Amino acid sequence: MPYSPVLVIGGGLAGMYAAIAAEEAGAPATILCKCRTGGSGNSVVAMSVHRFAPDAPGLREDYRRRFLASGAGEQDADTAAFFVDNAAAYMEKLRAYGFPLEYRCLEEDGREYPYLACCRPKQGRILAKAVRAWLEEKTSVRLEDGAAAMDIVKRDGRAVGVLAERDGELLFYPAGAVILACGGAGNVYAATSNTSDVTGDGYAMAVRAGLPLRGMEFVQFYPYRIYSPGRADIFPDIFEHGAVFRNEKGERFMDDPRWPKKELENRDVVARAMYWQKEVRLDLSGCDMAYLERECPNIAAMYRKDPSRPLLLRPVAHFFMGGVPLRKDCSTDVRGLYVCGEAAGGLHGANRLAGSALSETVVFGRVAGENAARGEKAPELWPEAELAELLRGYPDPGEDDLRPLKQRLRDVMWQNVSVIRETAGMETALREIGEMEKELSGLRPARFRDWQELRSLLFTAGSITRAALARKESLGAHCRTDE
Ligand SMILES: Cc1cc2nc3c(=O)[nH]c(=O)nc-3n(C[C@H](O)[C@H](O)[C@H](O)COP(=O)(O)OP(=O)(O)OC[C@H]3O[C@@H](n4cnc5c(N)ncnc54)[C@H](O)[C@@H]3O)c2cc1C
């Protein structure tokens, strides 16, 4: 394939912002996306809420306190400080593009400072679509939709390109610099809010390229997802307008002196409380209907259709705080390889503050793109020996359907390494992951893409479980019953 000075893996918001920034900094960029750039990944199903520290000293310090408290000392201090101090300026730069974001302000000393931006209605797909349109209309970024990165190819310790699969064919994309922006791994779990393409490919590729991961035990479980009669995320604001949770006995189980904020306690607290209930229902009987119709039209429609039918919820795997260690310049220990977005880890520490993942894509997507564009570039080359070595590890095609194995993994992880964890369950999971890896190595996949995803999921599941076993105490989103 043609040489790209900057090659971005992933067509979510982080990847798209990185490509725009690279081109603005003078380096033509290509995006490899295994689905559709701007139409895939969690950026599309996000609620579009960007929270960031306002550019006013008092308000910024307040945000910093909350951001650091949520990370529970597990954040990379340098990166966290850079994010808190600069996110407002990066959001201001983004404003200049005219993407469909509304900015809201807080007041200090008689002046107003933006602290939140979101689409109206709060749907990430509106923003992702607009950024894709910008790429197509205003840039010459090459979009390689349908190309799934398999491995980062290195020579003499630096990234020189990416081996990818498109339409069943393996292709080598030579590159001057590579940016890993292919998101998290929610599909490790049977219950997740993530889109089906989010399978931990970035974590697995990074480790095969020689990088470490950090904080993999910290997986955020989101308590606000309706799974029946349809699927929908609820925005926590709804609880300020009369909605409550009830269990199958009709009890408002969050009405407990331990949880003064009730349904609005931290996500992990709510997720754990839900985990112990047989059934969790969203009771909208006391909800302000005008608010519901205006802010959550999909939920209002679900409720109106049959108010007697319960809206059922359960916690779901939502966000990975861990990943490839993020530095404030987005570089990694592999020369020419950068990381941004949910593929990166360490900014949020043990838990993430609501609304900070999208502002992270804005800040570090741009930083990664600029630095990849300005940094030293690998020349165009054909790394014959390195490609042959990678290909040796790939299976021959065949007829095997890998879906049952994938489902088994997702169930094992949900049962043993999800919201609540204990040693015996995690050891069972590790054993099962080992058996499944062995089984996978003997299969001949009918679809190569399924093999790639399952290998990434198995790898990520192993990383989470080992990190969770090693972390003896409960911290942030990691909760053990046997600490
Ligand atoms: C339901 C939901 C609601 C959310 N709401 C919010 C919110 O309101 N505010 C907030 O701050 N955060 C929110 N988040 C989190 C936030 O959406 C994500 O963290 C963020 O969008 C991640 O962006 P990204 O670009 O790193 O990854 P993604 O948007 O997940 O994109 C990953 C991209 O990489 C591609 N890809 C994956 N593997 C490969 C491969 N091997 N080769 C090529 N391409 C590949 C995918 O197809 C996709 O295009 C939400 C998350 C979910 C699931």
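## Ligand shell and a three-stranded sheet

Of the 41 residues around the ligand in this predicted model, those that come nearest are G10, G12, G41, G183 and G341. Sorted by class, the shell around the ligand is made up of 19 nonpolar, 17 polar and five charged residues. Several elements each supply at least two residues of this shell, namely helix 1 (13-24), helix 2 (42-45), helix 10 (356-374), strand 2 (29-33), strand 7 (148-155) and strand 16 (316-320). Helix 10 gives the most, with four residues.

A separate topic is the open sheet of three strands, which has the order 3-5-4 and antiparallel pairing. Strand 3 (50-51) and strand 4 (102-108) each have a single partner strand and therefore stand at the edges, with one side of each left without a neighbour in the sheet. Strands of a sheet pair through backbone hydrogen bonds, either parallel or antiparallel.

Strand 3 is joined to strand 5 (residues 111-118) by two bridges, and the two strands run antiparallel. Strand 4 also runs antiparallel to strand 5, and here seven bridges join the strands. Bridge partners from both pairings are listed below.

| Residue | Residue opposite in strand 5 |
|---|---|
| H50 | A117 |
| R51 | L116 |
| E108 | R111 |

Strand 4 and strand 5 form a hairpin with two residues between the strands, and in this hairpin D109 takes a positive phi near 50°.

How values were computed
Residues numbered from 1 in each chain as written. Predicted model: local features only at pLDDT ≥ 70, side-chain atom pairs only at ≥ 80, totals over all residues. Pairing = 2+ DSSP bridges. Near = placed C-beta within 6 Å. Nonpolar A, V, L, I, M, F, W, Y, C, P; charged D, E, K, R; others polar.
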